Amino acid sequence: MGKEGTVYQFGGPIGAFFVTVGCPITTYAFYFICNEDGCPSSSFLQQPLEYLTSVWPGWSGLYSNEVMMWYCAWFFGNLLLQFVLPGRTREGTLLSDGTRLKYKQNATETFLLITSYLAFMTYREGFSWSLWSYLWDHQLHLITATFIFSTLQATYCYVSSFFTDELLAKHGDTGNHFYDWFIGRPLNPRILSWDLKVFSELRPGIMMWPIINFTHLAHQYTTFGYITDSMVLINIFHFWYALDSYLNEPAVLTTMDVIDDGFGYMLSFGDLCWLPMNYSLQARYLGMHPFVLGPWGIAGVLAVQASGYVIFRGANGQKNRFRTNPDAPEVKHIKYITTKSGSRLMISGWWGIARHINYLGDWVMAWAWCLPCGFKTPIPYFYVVYFAVLLIHRERRDEIKCSTKYGKDWDKYKSIVRWRIVPGVY
Ligand code: NDP
């Protein structure tokens, strides 16, 4: 417990310390351990210490000024596009001080503009276009640039929260400096109308992810002279996931990250470094170790992806529509209970099957993103395991939030919708 009984999450300061140190180490470890020699590299398996000593570039070799400069150009260029491209202004949820923040939304336009430019240049210059080889050669420097940038951003948000009268996150003001820096002290840190949290959640990291995937696709082509079906599928799936989140941009304003969580190291690092560098691990693996699925493999993977997507989009869309317009024809038939706070909790439709059926859909898709790597090594399946842990932990945090917010109404909801994520299992 922190000051005035505020409850610690993530195992408090000790847990926060392990996440803070462990996540960057994991990201670097994938880079060093997964290479042309195998994933994990066979030399690493034979003599781990000798291998790591031989590939270690020294502290200065981890960093490049030039890449840091390009990363800043990417980050702030993205910000510029948010401001100059046309967009729609939407209001966020009601805050505890009775106000609502305004957000300019045009992530779809920004994403399509950037990817169209990259597609055009690739069409003109081919897969050996210098951008693709530059990104491939500088993956290590990019990890360091995003790591440093996200740490500085989190530190800025933490320090500045003491000098403004901005709203603080419910769990981010425990009084323990390190923990509050990690979990996020300010709820919606802003510089003028620029919302650092929502910007980081959606733009520089998620947009970089399909671009890094494509770097691996280009590498596969320039190295082997062909592109495998598995690589194409992973690129399409991840591109689609990013685009889908942009097409549903208003929904980000009602996610847990935006409503409840402060903006600290956890989200800043997760958004800018962890997501683009580690969610692209399957493409990185295939870029060095091509694997052909064949027609039956493609059909199987597509079936898994489609099932996951139907659940994921169906559930998230249904909640969003029900909460914004409960009289809309698609959700009019949904049964619900009205809570004392006035909010309605759906008890039929997707949300009558399990209390977080949307997580199940996301997790099923995670399998479709890993299966194209075949079964030679478990490393590309890291995402499925990590994501299961993330979703179970997230569901537990949401359970505490809803139980505190809705009290007896939540107990009633739980007695009607018994399963947490997987009906009949969990
Ligand atoms: P959810 O979209 O699952 O929303 C949870 C909230 O919905 C609850 O706090 C409650 O809020 C409301 N709610 C709960 N039950 C009901 C009900 N029966 N009827 C109506 N409203 C209900 O939260 P997340 O932000 O965790 O997830 C959004 C999506 O993002 C998910 O699909 C998830 O898989 C995905 N995601 C992906 C990640 C990735 O790295 N790929 C990381 C994190 C999330 P209220 O207070 O309004 O009642």
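Leaving aside its neighbours within four places in sequence, with which residues is asparagine 188 in contact? In the predicted model examined here, asparagine 188 is placed in the loop that runs between helix H8 (177-183) and strand E3 (190-191). With the sequence neighbours within four places set aside, the contacts of asparagine 188 are with Leu95, Leu101, Tyr103, Glu166, Leu167, Asp195, Lys197 and Val258. The relative accessibility of asparagine 188 is 9%, and this loop residue therefore counts as buried, the limit being 20%.

The protein chain as a whole contains 18 helices and six strands, and its C-alpha atoms fill a box of roughly 60 × 55 × 45 Å along the principal axes. For 426 residues, a radius of gyration near 22 Å would be expected of a compact globule, and the value of 22 Å computed for the protein chain agrees with this. Buried residues account for 51% of the 426 residues. Among the contacts between residues at least 6 apart in sequence, 75% join residues that are at least 24 apart.

The domain assignment divides the protein chain into domain 1 (10-90 + 101-292) and domain 2 (293-426). The C-alpha centres of the two domains lie 24 Å apart, and 30 residues of domain 1 are in contact with 32 residues of domain 2. The largest nonpolar core comprises 102 residues, of which Tyr71, Leu142, Tyr246, Tyr279, Trp369 and Tyr383 touch the most other members. Because domain 1 and domain 2 both give residues to this core, it lies between them. Tyrosine 383, one of the residues that touch the most other core members, is in contact with Tyr279, Gln282, Ala366, Trp369 and Cys370, when its neighbours within four places in sequence are left aside. A second, separate core of 11 residues includes Cys34, Met231, Met288 and Cys373.

According to the unreviewed UniProt entry, the feature "transmembrane region" is placed at residues 12-33, 67-85, 106-123, 143-163, 224-243, 263-281, 293-312 and 366-392. Two of these annotated spans may be set against the model. Residues 12-33 are 100% helix and 0% strand, with end C-alpha atoms that lie 30 Å apart, while residues 106-123 are 94% helix and 0% strand, with end C-alpha atoms 26 Å apart.

With respect to the cysteines, the count comes to one disulfide, which is formed by cysteine 34 and cysteine 39, whose sulfur atoms are 2.0 Å apart. The torsion about the S-S bond of this pair is about -105 degrees, so the disulfide is left-handed. Both cysteine 34 and cysteine 39 are buried, and Cys34 is also included in the second core described above.

Other cysteines do not meet the distance criterion. For cysteine 72, the closest cysteine sulfur is that of cysteine 273, at 14 Å, which is too far for a bond; cysteine 72 is partly exposed, with a relative accessible area of 25%. For cysteine 370, the closest cysteine sulfur belongs to cysteine 373 and lies 6.5 Å away, which is likewise too far for a bond, given that a disulfide is assigned only to sulfur atoms within 2.5 Å. Cysteine 370 has a relative accessible area of 0% and is therefore buried, and this cysteine is among the residues in contact with tyrosine 383.

Note on methods: Residues are numbered from 1 along each chain as its sequence is written. This is a predicted model: local features need pLDDT of at least 70, side-chain atom pairs count only at pLDDT 80 or more; totals for chains, interfaces and linings use all residues. Side-chain values use heavy atoms; hydrogens and water are left out. Helices (H or I, at least four residues) and strands (E, at least two) are DSSP runs, numbered from the N terminus. Buried means under 20% relative accessible area, exposed over 50%, partly exposed in between (1.4 Å probe, protein chains only). Contact means heavy atoms within 4.5 Å. A nonpolar core is a set of buried Ala, Val, Leu, Ile, Met, Phe, Trp, Tyr and Cys residues joined through side-chain atoms within 4.5 Å. Domain bounds come from an automatic or database domain assignment. UniProt positions are given in the numbering used here, feature names are shortened, and annotations may be inferred rather than shown by experiment. The radius of gyration is taken over C-alpha atoms; the globule rule is 2.2 Å times the number of residues to the power 0.38.
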